[in-house]
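Work through the exercises below with the sequence and the model side by side. Try each task before reading its solution.

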Amino acid sequence: STQSTWGKTLASIMLGRVLALLALGAVLACHAHEEQEDCYANDPSSPSIGLVVNLSKYPLHAPGAALDALIARCRRQMADDGAFLLGDFLLPDGLAQLLAEVTSPTPVESIKNHTVFQKPIDPTLPLDHPRNELVHAHIGFVNNPLLPHTGILNSLYSWDGLRDCLAAVSGAPLHRSTDRDGSVYA
């Protein structure tokens with residue numbers, strides 16, 4: 001059904017938000033405020049990472065040879081493919097909880113046509129110019145305030161072990177966004 005499809009898509013995108021935004025360094029809003037407390041950091045009522053993440057396969061909590069090997073593998077995949085895959089990153093119960101968490105709010109939908117640059121057509125260029133290539137965008141989003149503050153997504157987002165590992169993979173310091181209303185897109 002549509003709700004089920006949205007749920008699976010949102011779960012993928014939500015985890016993708018944590019992984020991709022951090023890994024690619026797109027969340028740089030805090031860089032000028034490195035001394036400031038993390039936006040969602042270390043809430044004691046948040047779920048235990050060990051109950052959600054497959055730490056035996058992904059030892060992000062334990063510096064050492066296994067973590068170094070994981071970082072090296074992810075770097076190779078990034079160099080070869082432009083992305084890396086962390087298959088079975090979440091434990092089955094953690095994935096089920098994340099799905100429940102992200103499917104409870106109803107996503108807001110936006111349907112529009114725009115160029116790949118998310119701009120209107122440039123009338124100074126020919127219609128067949130690559131700049132004027134139109135795409136159909138059907139986007140769903142859930143604003144962060146609709147998600148549980150102490151839920152799995154925010155726990156993953158605030159987990160230093162994940163951020164530190166992804167920073168090591170990307171080779172750049174990574175920072176959390178201070179935008180508490182930030183949306184998650186599907």
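The exercises go from the overall fold to the salt bridges, the core and the surface.

The model is predicted, so local features need pLDDT of at least 70 and side-chain atom pairs count only at pLDDT 80 or more, while totals for chains, interfaces and linings use all residues. Residues are numbered from 1 along each chain as its sequence is written, and side-chain values use heavy atoms, with hydrogens and water left out.

**Exercise 1. The fold**

Task: State how many helices and strands the protein has, and give their pattern along the sequence.

Solution.
Step 1. Helices (H or I, at least four residues) and strands (E, at least two) are DSSP runs, numbered from the N terminus.
Step 2. The protein has five helices and three strands.
Step 3. Along the sequence the pattern reads α-α-α-β-β-α-α-β.
Step 4. A contact means heavy atoms within 4.5 Å. Of the contacts with a separation of 6 or more, 76% are between residues 24 or more positions apart.

**Exercise 2. A salt bridge between loops**

Task: Find which parts of the chain the salt bridge between Lys-57 and Asp-88 ties together, and decide whether each residue is buried, partly exposed or exposed.

Solution.
Step 1. A salt bridge is a side-chain nitrogen of Lys or Arg within 4 Å of a carboxyl oxygen of Asp or Glu. The closest N and O atoms of Lys-57 and Asp-88 are 3.8 Å apart.
Step 2. Lys-57 is in the loop between helix H1 (2–23) and helix H2 (65–81), and Asp-88 is in the loop between H2 and helix H3 (92–103), so the pair ties together parts 31 residues apart in sequence.
Step 3. Buried means under 20% relative accessible area, exposed over 50%, and partly exposed in between (1.4 Å probe, protein chains only). Lys-57, at 42%, is partly exposed, and Asp-88, at 56%, is exposed.

**Exercise 3. A network at helix H5**

Task: List the residues joined with Arg-163 into one network of salt bridges.

Solution.
Step 1. Arg-163 meets Asp-160 in a salt bridge of 3.3 Å, N to O. Both lie in helix H5 (residues 160–170), three residues apart, about one turn of the helix.
Step 2. In an α-helix there are 3.6 residues a turn, so residues three or four places apart point the same way.
Step 3. Asp-164 also forms a salt bridge with Arg-163, with the closest N and O atoms 3.9 Å apart.
Step 4. Salt bridges with shared partners join Asp-160, Arg-163, Asp-164 and Arg-176 into one network.
Step 5. Arg-163 is buried at 16%, whereas Asp-160 is partly exposed at 30% and Asp-164 is partly exposed at 46%.

**Exercise 4. Core and surface**

Task: Say which helix supplies the largest share of the largest nonpolar core, and which residues form a nonpolar patch on the surface.

Solution.
Step 1. A nonpolar core is a set of buried Ala, Val, Leu, Ile, Met, Phe, Trp, Tyr and Cys residues joined through side-chain atoms within 4.5 Å. The largest one has 28 residues, and Leu-60, Phe-89 and Trp-159 are among those with the most contacts inside it.
Step 2. H2, H3, helix H4 (152–158) and H5 each supply at least two residues of this core. The largest share, five residues, comes from H5.
Step 3. A nonpolar patch joins side chains of Val, Leu, Ile, Met, Phe, Trp or Tyr within 5 Å, from residues with over 30% relative accessible area and no salt bridge. Val-116, Phe-117 and Val-135 form such a patch.

How values were computed:
Patches are made of residues with over 30% relative accessible area and no salt bridge: like charges are joined within 9 Å, nonpolar side chains (Val, Leu, Ile, Met, Phe, Trp, Tyr) within 5 Å. Accessible areas come from the Shrake-Rupley method with a 1.4 Å probe; for residues, only the protein chains shown count as cover.
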